[in-house]
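Biologist: Please display the model, and let us then examine it by question and answer.

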Amino acid sequence: LGSRPIRYGRQANNCNSETYHVPMIIVDKGIKKGVLDGYYESIDYLPSILDICGIKRDQYLSGKSFFDEKRKVDYSHTERIASGCPCLEHRNVIYTIRNKLYLIEYEVSIFQDFEAGKINEVYNLSLDPNELHNISGKVSTLDIQYLLQYLKNRHLELQENYKAYCEENYQNYIFEKKGWKEVHWDPAMKG
């Protein structure tokens, strides 16, 4: 599922329609025949399988079961590190989000507030279903604010996880409480 971006010349886009039709066939006595045609992500596989098996999921497990009746997800998202060195300290995080109306690509450093990032691409899928005309400079941010808010929340979550990981594993990282303005690197660190 969309683990590698589809390339068009220099641009890479991971949110094409084709990457969001998660192929999965489940056969069991207790499952009704049918097709689930929603927005799902690869992180939804494990919660779905645990749900089928009647196994309680761990509270830290990401994703939502395909069969969760409370599931109200009308989008799917991906995140990747910009090309080059595969290290968050040196590359931006590129988030993409897609729903029935819009496809958005947003880029920001893990050390920056979300608002410091930039919108790289926006496609109006009702007018441009083939995603040929980037309208990032023409669309009102009010029209896409609800999708940007989801990406902002995800960015904050990623920042917290990354900060906790670094503090646990690299004693020589120094973070400011607000904004992560500076990161000090000591080559003698482990890892």
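Biologist: In which element does Arg 154 lie?
Modeller: In this predicted model, with residues numbered from 1 along each chain as its sequence is written, local features need pLDDT of at least 70 and side-chain atom pairs count only at pLDDT 80 or more. Side-chain values use heavy atoms, leaving out hydrogens and water, while totals for chains, interfaces and linings use all residues. Elements are DSSP runs numbered from the N terminus, helices (H or I) having at least four residues and strands (E) at least two. The element that holds Arg 154 is helix 2.

Biologist: Is Arg 154 buried or exposed?
Modeller: Buried means under 20% relative accessible area, exposed over 50%, and partly exposed in between (1.4 Å probe, protein chains only). The relative accessible area of Arg 154 is 16%, so Arg 154 is buried.

Biologist: The side chain of Arg 154 makes a polar contact with which residue?
Modeller: A polar contact is a pair of N or O atoms within 3.5 Å; within protein, one must be able to donate a hydrogen and the other to accept it, and residues adjacent in sequence count only if both atoms are side-chain atoms. The contact spans 3.1 Å, and the partner of Arg 154 is Glu 157.

Biologist: Where does helix 2 bend?
Modeller: The bend at a residue is the angle between axes fitted to the seven residues ending there and the seven starting there. Leu 147 is among the buried residues of helix 2, as are Ile 144 and Tyr 162. The helix turns by about 40 degrees at Leu 147.

Biologist: Which strands help to cover the buried residues of helix 2?
Modeller: Contact here means heavy atoms within 4.5 Å. Arg 154, for instance, touches His 77, Glu 79 and Tyr 95, not counting residues up to four places away in sequence. For the buried residues of the helix, the cover includes strand 3 (76-81), strand 4 (93-98), strand 5 and strand 6.

Biologist: Which element gives the most residues to the largest nonpolar core?
Modeller: A nonpolar core is a set of buried Ala, Val, Leu, Ile, Met, Phe, Trp, Tyr and Cys residues joined through side-chain atoms within 4.5 Å. The largest has 21 residues, and Tyr 102, Ile 104 and Ile 144 have the most contacts inside it. Strand 4, strand 5 and helix 2 each supply at least two of its residues. The greatest contribution, seven residues, comes from helix 2.

Biologist: How many aromatic pairs does the structure hold?
Modeller: Rings of Phe, Tyr and Trp (its six-membered ring) pair if their centres lie within 6.5 Å, planes under 30 degrees apart counting as stacked, over 60 as edge-to-face and the rest as tilted. In addition, Tyr 45, Phe 66 and Phe 67 form one aromatic cluster. The number of pairs is five.

Biologist: Why is the pair of Phe 111 and Tyr 162 classed as it is, and how far apart in the chain are the two?
Modeller: The ring centres are 6.3 Å apart and the planes lie at 70 degrees, so the pair is edge-to-face. Phe 111 sits in the loop between strand 5 (102-108) and strand 6 (118-124), and Tyr 162 in helix 2 (residues 141-169). Both residues are buried. The pair links distant parts of the chain, with a separation of 51 residues.

Biologist: What distance separates the C-alpha atoms of Glu 41 and Ser 76?
Modeller: Glu 41 lies in the loop between strand 2 (11-13) and helix 1 (45-53). Glu 41 is buried, with a relative accessible area of 12%. Although Glu 41 and Ser 76 are 35 residues apart along the chain, their C-alpha atoms are separated by 6.5 Å.
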